Amino acid sequence: MQDATKKLDTIAIENFRKYLRIPSVHPNVNYDDCVSFLRDYSKDLEISFNVYECQVKKPMVVLSWLGKEPNLPSVMLNSHMDVVPVIESNWVHKPFDADIDENGNVYARGAQDVKSLGIQYLEAIRRLKAEYYQPRRTVHVTFAPDEEVGGVLGMKLFVKSEHFRDLDVGFALDEGIPGETEYWVYNAEKTTKRVVVHCEGQGGHGSLLIDDTAGEKVSRFLTKFYAFRKDEKAKGDDAISVNLTIMQGGVQNNVIPSEFVLTFDTRLPPTADAKAFKEKINQWCDESGDGVWIEDFGDLALAPITNLDNNLFWLAFKKTVEEMKIPLKVLVLNASSDAVHLRGAGVSTLGFCPHLNTPNRAHRDNEYLNIDVLIHGIEAFCKIIPAISNV
Ligand SMILES: [Zn+2]
């Protein structure tokens, strides 16, 4: 038995490193090698394989493990194939070699975000199949393109297709963020609203103490803005995050400009009141003086939330994690992922990463994952997949 487990671990590590060596990196990702890697994987696991291209060169790869009751809504296990760019000179190990060091850390772009997750789903299925286990519901393991650029030509298109409708997905797991000593699970995401504020005023010679200058209005606006930021910060997870990210204006030291433009990154949790937030910004504009105004705020709708009350898939997931004696916390994701498109299509979706004691190195130089953490995640999915697919 010991030998059999060891053999399975070796296979998992080999497949993980093989996947990481495919440079599916932005910009202009070529997914061909990912597709053939996954096609071979499906043959090896003896599960079915399909590729759907809602957009040319943007394949959605679906490996399907047939359930005993395939007419029930299915379970989707999603991850993405693409990875963010690297600055190679900052890396100790080459970012697409998947070197392993003496501590068992595998270095590569995508080791955490998020090729590990796809491998963990598939290797859990290998182990469950080895025990002649068959799920009640069909399990679709999906590999999406272009998540790192918003999934616009990937998941966003796919959820509108007949192929997606045919999968009849009742519940989905997608990527999350590693907790330190606990599991974090995400049932919602914050919505990013770019806020652009124009502060117009009287221009003139830089030596003059003239009235009604753009700079004074910027000062008044920022005072109100940062008071709001301080109040939000105290709210913790439910906060609206706001940050000044771009300041534009001015031509020369001795010229008072007639306008400054401020750009803010703001992120609203699903519980926020977007309309009230917009009204508040408009009020700050009015209070900051004439000629202070915001550009069109865009759609007020916020990203949908996965309701956990009486959600049988969630209850099965939660019970399994409790049995594993790992603390579990439900959070709102600060960033965005393909889960937003799935929730938008009405699918109950949770973001989840099974990595413990792992510093989050997504998008950073020298991204790595320890092989023990990889294997722990596979073992976790060996319990979680049966639980959610038997609902
Ligand atoms: Zn990701």
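Trainee: Leaving aside neighbours within four places in sequence, which residues is D113 in contact with?

Mentor: Bear in mind that this is a predicted model, where local features need pLDDT of at least 70, side-chain atom pairs count only at pLDDT 80 or more, and totals for chains, interfaces and linings use all residues. Residues are numbered from 1 along each chain as its sequence is written, and side-chain values use heavy atoms, with hydrogens and water left out. Taking contact as heavy atoms within 4.5 Å, D113 has these partners: H80, V83, E148, E175, A362, H363 and E367.

Trainee: Which protein residues are the donors of the zinc ion?

Mentor: Donors here are N, O and S atoms within 2.8 Å of the metal (3.2 Å for Na, K and Ca), and with water not among the atoms, sites may look incomplete. The protein donors lie 1.9 to 2.1 Å from the zinc ion. Their spacing in sequence is H-x32-D-x61-E. By name, the donors are H80 (NE2), D113 (OD) and E175 (OE).

Trainee: How many residues apart in sequence are the parts that H80 and D113 tie together?

Mentor: Helices (H or I, at least four residues) and strands (E, at least two) are DSSP runs, numbered from the N terminus. H80 sits in strand β3 (residues 74–80), while D113 is in the loop between β5 (105–107) and α3 (115–130), so the pair links parts whose separation in sequence is 33 residues.

Trainee: Is D113 buried or exposed?

Mentor: The cut-offs are under 20% relative accessible area for buried, over 50% for exposed, and partly exposed in between (1.4 Å probe, protein chains only). H80 has a relative accessible area of 1% and is buried. D113 has 9%, which makes it buried.

Trainee: Which side chain does H363 make a polar contact with?

Mentor: H363 is in the loop between β16 (348–352) and β17 (368–370), and at 42% relative accessible area it is partly exposed. A polar contact is a pair of N or O atoms within 3.5 Å; within protein, one must be able to donate a hydrogen and the other to accept it, and residues adjacent in sequence count only if both atoms are side-chain atoms. At 2.8 Å, the side-chain partner of H363 is D113.

Trainee: Which residues does the UniProt annotation "binding site" cover?

Mentor: The annotation comes from an unreviewed entry; its positions are given in the numbering used here, feature names are shortened, and annotations may be inferred rather than shown by experiment. The residues it covers are D113, E148 and H363. They span 251 residues in sequence, yet no two of their C-alpha atoms are more than 10.0 Å apart, so one spot gathers D113, E148 and H363.

Trainee: What residue does D212 form a salt bridge with?

Mentor: Count a side-chain nitrogen of Lys or Arg within 4 Å of a carboxyl oxygen of Asp or Glu, and the structure holds 15 salt bridges. D212 is partly exposed at 40% relative accessibility, whereas its partner, at 1%, is buried. With the closest N and O atoms 2.8 Å apart, that partner is K217.

Trainee: And how far apart in space are G201 and Q112, C-alpha to C-alpha?

Mentor: G201 belongs to the loop between β9 (191–200) and β10 (204–205), and among the residues it touches are D212 and K217. G201 and Q112 are 89 residues apart in sequence, and their C-alpha separation in space is 49 Å.
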